[in-house]
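I opened this entry to keep track of what I looked up, residue by residue and strand by strand. My notes follow the order in which I checked things.

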Amino acid sequence: MAAPAVEGVAVTALRSVLLRVRQAAERAATQPERVRVVAVSKTKPVSLIRQIYDAGHRCFGENYVQEFVQKAPQLPEDIEWHFIGHLQSNKVKTLLGGVPNLAFFEGVDNEKIANHLDRAVLSLERNPLKIFVQVNTSGEPSKSGIDPSGCVRLAEHVKSHCPHLEFSGLMTIGMPDYTSTPENFRTLSKCRVEVCKALGMTEDQCELSMGMSGDYEQAHW
(Lines give C-alpha, C1' and ligand atoms only; values in the text may rest on other atoms or scores of the structure.)
Protein backbone atom coordinates (compact mmCIF):
# COMPACT_ATOMS: atom_id res chain seq x y z
CA MET A 1 0.00 0.00 0.00
CA ALA A 2 2.96 2.34 0.58
CA ALA A 3 4.32 2.33 -2.99
CA PRO A 4 1.28 3.93 -4.71
CA ALA A 5 1.33 6.74 -2.12
CA VAL A 6 5.00 7.45 -2.83
CA GLU A 7 4.41 7.41 -6.58
CA GLY A 8 1.47 9.77 -6.16
CA VAL A 9 3.72 12.19 -4.31
CA ALA A 10 6.28 11.98 -7.13
CA VAL A 11 3.73 12.89 -9.78
CA THR A 12 2.47 15.77 -7.66
CA ALA A 13 6.06 16.97 -7.21
CA LEU A 14 6.65 16.82 -10.96
CA ARG A 15 3.61 18.95 -11.66
CA SER A 16 4.77 21.46 -9.06
CA VAL A 17 8.23 21.67 -10.62
CA LEU A 18 6.81 22.13 -14.12
CA LEU A 19 4.58 24.93 -12.88
CA ARG A 20 7.43 26.68 -11.09
CA VAL A 21 9.67 26.33 -14.15
CA ARG A 22 6.95 27.90 -16.29
CA GLN A 23 6.59 30.78 -13.83
CA ALA A 24 10.36 31.31 -13.68
CA ALA A 25 10.58 31.31 -17.48
CA GLU A 26 7.80 33.86 -17.76
CA ARG A 27 9.53 36.12 -15.22
CA ALA A 28 12.68 35.91 -17.34
CA ALA A 29 10.72 36.65 -20.53
CA THR A 30 11.63 33.21 -21.85
CA GLN A 31 9.17 30.94 -23.62
CA PRO A 32 8.43 28.07 -21.17
CA GLU A 33 8.48 25.61 -24.08
CA ARG A 34 12.20 26.32 -24.52
CA VAL A 35 12.99 24.92 -21.06
CA ARG A 36 13.68 21.19 -20.90
CA VAL A 37 13.07 19.55 -17.53
CA VAL A 38 15.09 16.35 -17.05
CA ALA A 39 13.69 14.12 -14.32
CA VAL A 40 16.79 12.50 -12.81
CA SER A 41 15.72 8.96 -12.01
CA LYS A 42 18.93 7.42 -10.66
CA THR A 43 18.30 4.93 -7.82
CA LYS A 44 14.55 5.14 -8.49
CA PRO A 45 12.62 1.94 -9.37
CA VAL A 46 11.17 1.30 -12.82
CA SER A 47 7.66 1.42 -11.35
CA LEU A 48 8.16 4.99 -10.16
CA ILE A 49 9.63 6.11 -13.50
CA ARG A 50 6.65 4.53 -15.24
CA GLN A 51 4.26 6.54 -13.07
CA ILE A 52 6.01 9.77 -14.09
CA TYR A 53 5.94 8.61 -17.71
CA ASP A 54 2.23 7.86 -17.49
CA ALA A 55 1.72 11.39 -16.16
CA GLY A 56 3.05 12.62 -19.52
CA HIS A 57 6.75 13.23 -18.87
CA ARG A 58 9.24 11.86 -21.41
CA CYS A 59 12.64 13.23 -20.43
CA PHE A 60 14.69 11.29 -17.85
CA GLY A 61 18.31 11.29 -16.73
CA GLU A 62 20.58 8.60 -15.27
CA ASN A 63 24.25 8.52 -14.29
CA TYR A 64 24.99 4.98 -13.09
CA VAL A 65 25.74 2.84 -16.14
CA GLN A 66 24.91 -0.59 -14.73
CA GLU A 67 21.63 0.61 -13.26
CA PHE A 68 20.81 2.49 -16.45
CA VAL A 69 21.27 -0.45 -18.82
CA GLN A 70 19.11 -2.61 -16.58
CA LYS A 71 16.24 -0.14 -16.30
CA ALA A 72 16.04 1.38 -19.79
CA PRO A 73 14.93 -1.82 -21.64
CA GLN A 74 12.01 -2.17 -19.21
CA LEU A 75 10.60 1.22 -20.16
CA PRO A 76 8.97 2.67 -23.31
CA GLU A 77 11.22 3.38 -26.27
CA ASP A 78 9.97 6.95 -26.73
CA ILE A 79 11.66 8.12 -23.53
CA GLU A 80 14.29 10.78 -24.18
CA TRP A 81 17.16 9.46 -22.06
CA HIS A 82 20.04 11.64 -20.87
CA PHE A 83 23.26 10.31 -19.38
CA ILE A 84 24.49 12.91 -16.91
CA GLY A 85 28.01 13.19 -15.57
CA HIS A 86 31.44 11.68 -16.00
CA LEU A 87 31.84 8.31 -17.76
CA GLN A 88 34.90 6.08 -17.86
CA SER A 89 35.92 5.28 -21.44
CA ASN A 90 35.75 1.51 -20.85
CA LYS A 91 32.01 1.81 -20.15
CA VAL A 92 31.09 3.68 -23.34
CA LYS A 93 30.05 0.64 -25.39
CA THR A 94 28.14 -0.83 -22.45
CA LEU A 95 26.13 2.37 -22.16
CA LEU A 96 25.45 2.98 -25.83
CA GLY A 97 24.77 -0.68 -26.55
CA GLY A 98 22.49 -1.06 -23.55
CA VAL A 99 20.49 2.13 -24.13
CA PRO A 100 19.92 2.41 -27.89
CA ASN A 101 17.48 5.29 -27.36
CA LEU A 102 20.00 7.40 -25.44
CA ALA A 103 19.34 10.89 -26.82
CA PHE A 104 21.84 13.09 -24.96
CA PHE A 105 25.19 12.57 -23.30
CA GLU A 106 25.77 15.35 -20.76
CA GLY A 107 29.30 14.93 -19.62
CA VAL A 108 31.98 15.22 -22.31
CA ASP A 109 34.84 16.77 -20.37
CA ASN A 110 37.87 15.77 -22.46
CA GLU A 111 38.85 14.76 -25.98
CA LYS A 112 39.45 11.12 -25.02
CA ILE A 113 35.85 10.46 -23.98
CA ALA A 114 34.60 12.33 -27.05
CA ASN A 115 36.70 10.10 -29.31
CA HIS A 116 35.49 6.92 -27.56
CA LEU A 117 31.86 7.99 -27.92
CA ASP A 118 32.37 8.83 -31.59
CA ARG A 119 33.89 5.42 -32.37
CA ALA A 120 31.21 3.60 -30.39
CA VAL A 121 28.40 5.36 -32.25
CA LEU A 122 30.03 4.36 -35.53
CA SER A 123 30.56 0.72 -34.55
CA LEU A 124 27.00 0.36 -33.26
CA GLU A 125 25.64 2.01 -36.42
CA ARG A 126 23.32 4.21 -34.40
CA ASN A 127 22.18 7.75 -35.09
CA PRO A 128 24.52 10.59 -34.13
CA LEU A 129 24.58 11.18 -30.38
CA LYS A 130 23.85 14.66 -29.09
CA ILE A 131 26.40 15.74 -26.52
CA PHE A 132 26.92 18.53 -24.01
CA VAL A 133 30.41 19.61 -22.99
CA GLN A 134 30.62 19.66 -19.18
CA VAL A 135 32.23 22.81 -17.77
CA ASN A 136 33.55 23.03 -14.21
CA THR A 137 32.28 26.54 -13.51
CA SER A 138 32.80 26.29 -9.74
CA GLY A 139 36.51 25.42 -9.95
CA GLU A 140 36.21 22.48 -7.55
CA PRO A 141 39.12 20.03 -8.00
CA SER A 142 36.88 17.08 -7.12
CA LYS A 143 34.32 17.91 -9.79
CA SER A 144 34.37 16.70 -13.40
CA GLY A 145 34.27 19.18 -16.23
CA ILE A 146 36.69 21.17 -18.30
CA ASP A 147 37.91 24.57 -17.14
CA PRO A 148 35.91 27.39 -18.79
CA SER A 149 39.06 28.47 -20.62
CA GLY A 150 39.13 25.13 -22.44
CA CYS A 151 35.50 24.72 -23.44
CA VAL A 152 35.90 26.35 -26.86
CA ARG A 153 38.77 24.04 -27.76
CA LEU A 154 36.86 20.94 -26.68
CA ALA A 155 33.70 22.01 -28.51
CA GLU A 156 35.79 22.63 -31.64
CA HIS A 157 37.30 19.14 -31.30
CA VAL A 158 33.85 17.54 -31.14
CA LYS A 159 32.64 19.58 -34.10
CA SER A 160 35.71 18.94 -36.25
CA HIS A 161 36.91 15.46 -35.29
CA CYS A 162 33.83 13.56 -34.08
CA PRO A 163 31.47 13.24 -37.06
CA HIS A 164 29.17 10.82 -35.24
CA LEU A 165 28.55 13.23 -32.38
CA GLU A 166 26.37 16.31 -32.51
CA PHE A 167 27.56 19.17 -30.33
CA SER A 168 24.37 20.45 -28.71
CA GLY A 169 25.36 22.56 -25.74
CA LEU A 170 27.15 23.08 -22.44
CA MET A 171 26.44 21.68 -18.99
CA THR A 172 27.48 22.60 -15.46
CA ILE A 173 26.78 21.55 -11.88
CA GLY A 174 27.22 24.30 -9.29
CA MET A 175 28.44 24.20 -5.72
CA PRO A 176 26.62 21.69 -3.48
CA ASP A 177 25.37 24.46 -1.18
CA TYR A 178 24.32 26.63 -4.15
CA THR A 179 26.32 29.61 -2.83
CA SER A 180 27.99 30.17 -6.20
CA THR A 181 24.98 29.35 -8.33
CA PRO A 182 24.45 32.78 -9.98
CA GLU A 183 28.15 33.06 -10.79
CA ASN A 184 28.20 29.49 -12.17
CA PHE A 185 25.27 30.21 -14.45
CA ARG A 186 26.74 33.49 -15.67
CA THR A 187 30.04 31.73 -16.42
CA LEU A 188 28.30 29.08 -18.48
CA SER A 189 26.36 31.72 -20.39
CA LYS A 190 29.63 33.49 -21.20
CA CYS A 191 31.10 30.18 -22.37
CA ARG A 192 28.16 29.76 -24.72
CA VAL A 193 28.79 33.16 -26.28
CA GLU A 194 32.43 32.23 -26.92
CA VAL A 195 31.64 28.75 -28.23
CA CYS A 196 28.93 29.99 -30.58
CA LYS A 197 31.25 32.64 -31.97
CA ALA A 198 34.02 30.09 -32.54
CA LEU A 199 31.75 27.47 -34.11
CA GLY A 200 29.57 29.83 -36.11
CA MET A 201 26.41 28.81 -34.25
CA THR A 202 23.51 30.84 -32.97
CA GLU A 203 22.89 30.75 -29.23
CA ASP A 204 19.57 29.01 -29.87
CA GLN A 205 21.56 26.09 -31.31
CA CYS A 206 23.60 25.71 -28.12
CA GLU A 207 21.56 24.64 -25.11
CA LEU A 208 22.62 25.24 -21.53
CA SER A 209 22.02 22.39 -19.09
CA MET A 210 22.10 23.85 -15.59
CA GLY A 211 19.99 24.07 -12.49
CA MET A 212 19.09 21.26 -10.10
CA SER A 213 16.50 20.73 -7.38
CA GLY A 214 17.72 23.61 -5.23
CA ASP A 215 18.55 26.22 -7.86
CA TYR A 216 16.63 25.55 -11.06
CA GLU A 217 14.54 28.70 -10.72
CA GLN A 218 17.74 30.74 -11.03
CA ALA A 219 18.74 28.90 -14.19
CA HIS A 220 17.38 31.39 -16.70
CA TRP A 221 19.09 34.03 -18.73
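I began with Lys42 and asked whether it is buried, partly exposed or exposed. Its relative accessible area is 30%, and a residue counts as buried only under 20% and as exposed only over 50%, so I put Lys42 down as partly exposed. I note here that I am reading a predicted model.

I then looked up where Lys42 sits and found it in the loop between E1 and helix H2 (46–54). UniProt, in an unreviewed entry, lists Lys42 under "modified residue: N6-(pyridoxal phosphate)lysine". I took that from the record.

Which residues is Lys42 in contact with, leaving aside neighbours within four places in sequence? I listed Gly61, Glu62, Asn63, Tyr64, Glu67 and Lys71.

Next I checked Ala29, which lies in the loop between helix H1 (2–27) and strand E1 (39–40). I recorded a relative accessible area of 75%. The cut-off for exposed is over 50%, so Ala29 is exposed. I also looked up its separation from Ile84: the two are 55 residues apart in sequence, and their C-alpha atoms are 28 Å apart in space.

I turned to strand E5 (residues 129–134). Why do I call E5 largely enclosed by the rest of the structure? Because five of its six residues are buried.

I looked for the strands that pair with E5. Strand E4 (residues 102–108) pairs with E5 in the parallel sense, over four bridges. In this pairing I found Glu106 opposite Phe132 of E5. From E4 the chain passes through helix H5 (residues 111–124) to reach E5, and I noted this β-α-β crossover as right-handed.

Strand E6 (residues 165–171) also pairs with E5 in the parallel sense, over six bridges. For Lys130 I found Glu166 in E6 as the bridge partner. E5, helix H6 (residues 151–161) and E6 form a β-α-β unit, which is right-handed.

Last, I looked at the largest nonpolar core, which has 55 residues. Which of its residues touch the most other members? I wrote down Leu95, Phe167 and Leu170. Helix H7 (residues 181–199) gives the most to this core, with six residues.

I followed Leu170 further, not counting residues up to four places away in sequence. Among the residues it touches are Phe132, Val133, Val135, Leu188, Cys191 and Val195. The list also includes Arg192, Glu207 and Ser209.

Definitions and conventions:
Residues are numbered from 1 along each chain as its sequence is written. This is a predicted model: local features need pLDDT of at least 70, side-chain atom pairs count only at pLDDT 80 or more; totals for chains, interfaces and linings use all residues. Side-chain values use heavy atoms; hydrogens and water are left out. Helices (H or I, at least four residues) and strands (E, at least two) are DSSP runs, numbered from the N terminus. Buried means under 20% relative accessible area, exposed over 50%, partly exposed in between (1.4 Å probe, protein chains only). Two strands pair if DSSP finds at least two bridges between them. A crossover is right-handed if, with the strands pointing away from the viewer, the path from the first strand over the helix to the second runs clockwise. A nonpolar core is a set of buried Ala, Val, Leu, Ile, Met, Phe, Trp, Tyr and Cys residues joined through side-chain atoms within 4.5 Å. Contact means heavy atoms within 4.5 Å. UniProt positions are given in the numbering used here, feature names are shortened, and annotations may be inferred rather than shown by experiment.
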